[in-house]
Amino acid sequence: MLYPLKFKPILKQTIWGGDKLAYKSNDPKVKESIGESWEISGVQDNISVVSEGALEGNSLQELTEIYMGDLVGDKIYEKFGIEFPLLIKYIDARDNLSIQVHPDDELARKRHGKSGKCEMWYVLEAEPGASL
């Protein structure tokens, strides 16, 4: 039986990043410009890894391959296989974010063999005068 899984954060330094996510790093040199902390990622070359317990060191992809529908649900496993379909991250934007263009499903499959990207944001904290 699986236990509650915790993953090592994947920190991304950006030109617009702030310093509120620096506490997630063990590297004393990493103090600012951390724009994103990827908490759970199935993105190729950025796959999350379990941080503690009996499964420490195992990747999310490995866990999905072993536990299949028991980990992600049968319908999700049937649709995506071992590719984890969500990217969950914290963003600390000290400045305007970079302009991004995400392809729809059709173009993404044609160019990259993947689904397109849609987003949902939930604001946890904002400075006075902040805007989205």
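1. **Burial and overall extent.** Of the 132 residues in the chain, 25% count as buried. Please keep in mind while reading that this is a predicted model. Taken along the principal axes, the C-alpha atoms fill a box of roughly 45 × 40 × 25 Å.

2. **Order of the elements.** The chain has 4 helices and 4 strands. Reading from the N terminus, they come in the order β-β-β-α-α-α-β-α. Strand β4 covers residues 87–91, and helix α4 covers residues 105–112.

3. **Strand β2 and its surroundings.** I would start a closer look at strand β2, residues 34–43. This strand is largely enclosed by the rest of the structure, because 8 of its 10 residues are buried. Trp38 lies in β2, and with a relative accessibility of 10% Trp38 counts as buried, since the cut-off is under 20%.

4. **Partners of β2.** Which strands pair with β2? Strand β1 (residues 10–18) is joined to β2 by 5 bridges, and the two run antiparallel. Strand β4 also pairs with β2 in the antiparallel sense, over 5 bridges. Strand β3 (residues 46–47) runs antiparallel to β2 as well, with 2 bridges joining them.

5. **Bridge partners to check on screen.** A few residue pairs may help you find your way through these pairings. Between β1 and β2, Gly18 has Ile34 as its bridge partner. Towards β4, Ser37 stands opposite Tyr90. Towards β3, Val43 stands opposite Asn46.

6. **The β2–β3 hairpin.** The hairpin of β2 and β3 has 2 residues between the strands. One residue of the loop between β2 and β3 is Asp45, whose phi is positive, about 70 degrees, although Asp45 is not a glycine. Most residues other than glycine have a negative phi. Is Asp45 buried or exposed? Its relative accessible area is 72%, so Asp45 is exposed.

7. **A second positive phi.** Met68 is another residue to look at on your backbone plot: its phi is positive, about 45 degrees, and it is not a glycine. Met68 is placed in the loop between α1 and α2 (69–72). With a relative accessible area of 37%, Met68 is partly exposed.

8. **Lys12 over Trp38.** For anyone setting up a force field, the Lys12–Trp38 pair may be of interest. Lys12 lies over the face of Trp38, at 4.4 Å from the ring centre. The C-alpha atoms of Trp38 and Lys12 are 7.8 Å apart, while 26 residues separate the two in sequence. How many aromatic pairs are there? The count comes to 0.

9. **The cavity.** A search of the whole structure finds 1 cavity of 30 Å³ or more, and the volume of the largest cavity is about 30 Å³. Its lining is made up of Gly42, Ile47, Leu60, Gln61, Thr64, Ile82, Glu83 and Phe84. By type, the lining residues divide into 4 nonpolar, 3 polar and 1 charged. Which element gives the most to this lining? Helix α1 (residues 60–67) does, with 3 residues.

10. **Helix α4 and the segment after it.** Arg111 is found in helix α4. Its relative accessibility of 61% is over the 50% cut-off, so Arg111 counts as exposed. Between the C-alpha atoms of Arg111 and Glu56 the separation is 35 Å, and these residues are 55 apart along the chain. Lys117 lies in the segment after α4. Because its relative accessible area is 37%, Lys117 is partly exposed. From Lys117 to Pro103 the C-alpha distance is 6.8 Å, with the two residues 14 apart in sequence.

Notes: Residues are numbered from 1 along each chain as its sequence is written. This is a predicted model: local features need pLDDT of at least 70, side-chain atom pairs count only at pLDDT 80 or more; totals for chains, interfaces and linings use all residues. Side-chain values use heavy atoms; hydrogens and water are left out. On a 1 Å grid over the protein atoms alone, a cavity is a set of points where a 1.4 Å probe fits but cannot get out, and a pocket is an open set with protein on both sides within 12 Å along at least five of seven lines; lining residues have an atom within 4 Å of a point. Grid points are joined across faces, edges and corners, and a volume is the space filled by probe spheres set on the points. Ala, Val, Leu, Ile, Met, Phe, Trp, Tyr, Cys and Pro count as nonpolar, Asp, Glu, Lys and Arg as charged, and the others, Gly among them, as polar. Buried means under 20% relative accessible area, exposed over 50%, partly exposed in between (1.4 Å probe, protein chains only). Two strands pair if DSSP finds at least two bridges between them. Rings of Phe, Tyr and Trp (its six-membered ring) pair if their centres lie within 6.5 Å; planes under 30 degrees apart count as stacked, over 60 as edge-to-face and the rest as tilted. A charge sits over a ring if NZ of Lys or CZ of Arg is within 6 Å of the ring centre and within 35 degrees of the ring normal.
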